[in-house]
Amino acid sequence: MSFDSRSLKRLRELSQKLPKALPTPNVTAPSKAPKDNKRHIVETEMNPQALFHELMEASPDGDIPTHLIERLKEVESLALERKTNGKLNQIDKNNLPEKNHPSFQLRKAKN
């Protein structure tokens, strides 16, 4: 399609008067996480027995994905570590040497 010189001139004038294009806003993709950040009990449970129970309840056929088996192993090892550290930190007064006991006397003499 061709324009005569007068129409072409008019089109150029009009194109200069048009508003400039607005910059496109930086829209980030909406988060796939739920807005209320609710997580399944299988993701938050720290008691190994309760986690195992929840895994069995969540699985219709008893088949558990490997990443959840790994999580169960991790929770079990953390619980065992806490239990072991708790026992080591407890002071059993029955196992303390008596002041008259020979081993107590030897320690006192060395200091």
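How much area does the chain expose, and what percentage of it do carbon and sulfur atoms supply? The chain exposes about 10,800 Å², and carbon and sulfur atoms account for 55% of that area. I should state at the outset that this is a predicted model, and that everything I present this morning was computed from it.

Let me begin with the overall architecture. The chain has five helices and zero strands, so that is to say, its pattern along the sequence reads α-α-α-α-α. It comprises 111 residues, of which 10% count as buried. As for the contacts between residues at least 6 apart in sequence, 46% of them join residues at least 24 apart.

I turn now to the interior. Which residues make up the largest nonpolar core? There are seven of them: V42, L51, L55, I64, L68, L72 and V75. Two helices, α3 at residues 48-58 and α4 at residues 66-89, each supply at least two residues of this core. The largest share, three residues, is contributed by α4.

Within that core, I would draw your attention to two leucines. L55 touches V42, I64, L68 and L72, leaving aside residues up to four places away in sequence. L51 lies in helix α3, and because its relative accessibility is 0%, it counts as buried. With the same exclusion of residues up to four places away, L51 touches V42, E45, R71, L72 and V75. Two of the partners just named, E45 and R71, carry us to the charged residues.

Before that, a brief remark on spacing between α3 and its surroundings. L51 and L68 stand 17 residues apart in sequence, and their C-alpha atoms are 9.7 Å apart in space. For F52 and L68, the separation is 16 residues in sequence and 9.7 Å from C-alpha to C-alpha. F52 is also found in helix α3; with a relative accessible area of 43%, F52 is partly exposed, whereas L51 is buried.

Let us now consider R71, which sits in helix α4. Where is the nearest side chain of opposite charge to R71? It belongs to E74, 5.5 Å away, and R71 is buried without a salt bridge. The cut-off for a salt bridge is 4 Å, which means that a separation of 5.5 Å does not qualify. The side chain of R71 does, however, reach the backbone oxygen of E45, at 2.7 Å. Setting aside residues up to four places away in sequence, R71 touches V42, E43, T44, E45, M46 and L51.

The other half of that pairing is E45, located in the loop between α2, residues 41-44, and α3. Is E45 buried or exposed? At 18% relative accessibility, E45 counts as buried, because the threshold for burial is under 20%. E45 likewise has no salt bridge, and its nearest side chain of opposite charge is that of R71, at 7.4 Å. To keep the two values distinct: 7.4 Å refers to the side chains of E45 and R71, while 2.7 Å refers to the side chain of R71 and the backbone oxygen of E45.

The side chain of E45 has a polar atom 3.1 Å from the backbone nitrogen of N47. Its contacts, again not counting residues up to four places away in sequence, are with A50, L51, R71 and V75. In the case of V75, the C-alpha atoms of the two residues are separated by 8.5 Å, although E45 and V75 are 30 residues apart along the chain.

How many salt bridges does the structure hold? It holds one. The side chains of R10 and E13 form it, with an N to O distance of 3.7 Å. Both residues lie in helix α1, residues 5-17, and they are three residues apart, about one turn of the helix. In contrast to the buried R71, R10 counts as partly exposed, at 45% relative accessibility. E13 is partly exposed as well, at 35%.

To close, I would leave three points with the group. The largest nonpolar core consists of seven residues, with three of them from α4. R71 and E45 are each buried without a salt bridge, and the side chain of R71 reaches the backbone oxygen of E45. The one salt bridge of the structure joins R10 and E13, both in helix α1.

Note on methods. Residues numbered from 1 in each chain as written. Predicted model: local features only at pLDDT ≥ 70, side-chain atom pairs only at ≥ 80, totals over all residues. Heavy atoms only, no water. Core = buried A, V, L, I, M, F, W, Y, C linked by side-chain atoms within 4.5 Å. Buried < 20%, exposed > 50% of the residue type's maximum accessible area, 1.4 Å probe, protein only. Helix = DSSP H or I, 4+ residues; strand = E, 2+ residues; numbered from the N terminus. Contact = heavy atoms within 4.5 Å. Lys, Arg positive; Asp, Glu negative; His and termini not counted. Polar contact = N/O pair within 3.5 Å; in protein donor to acceptor, adjacent residues only side chain to side chain. Areas by Shrake-Rupley, 256 points an atom, 1.4 Å probe, with all protein chains shown as cover.
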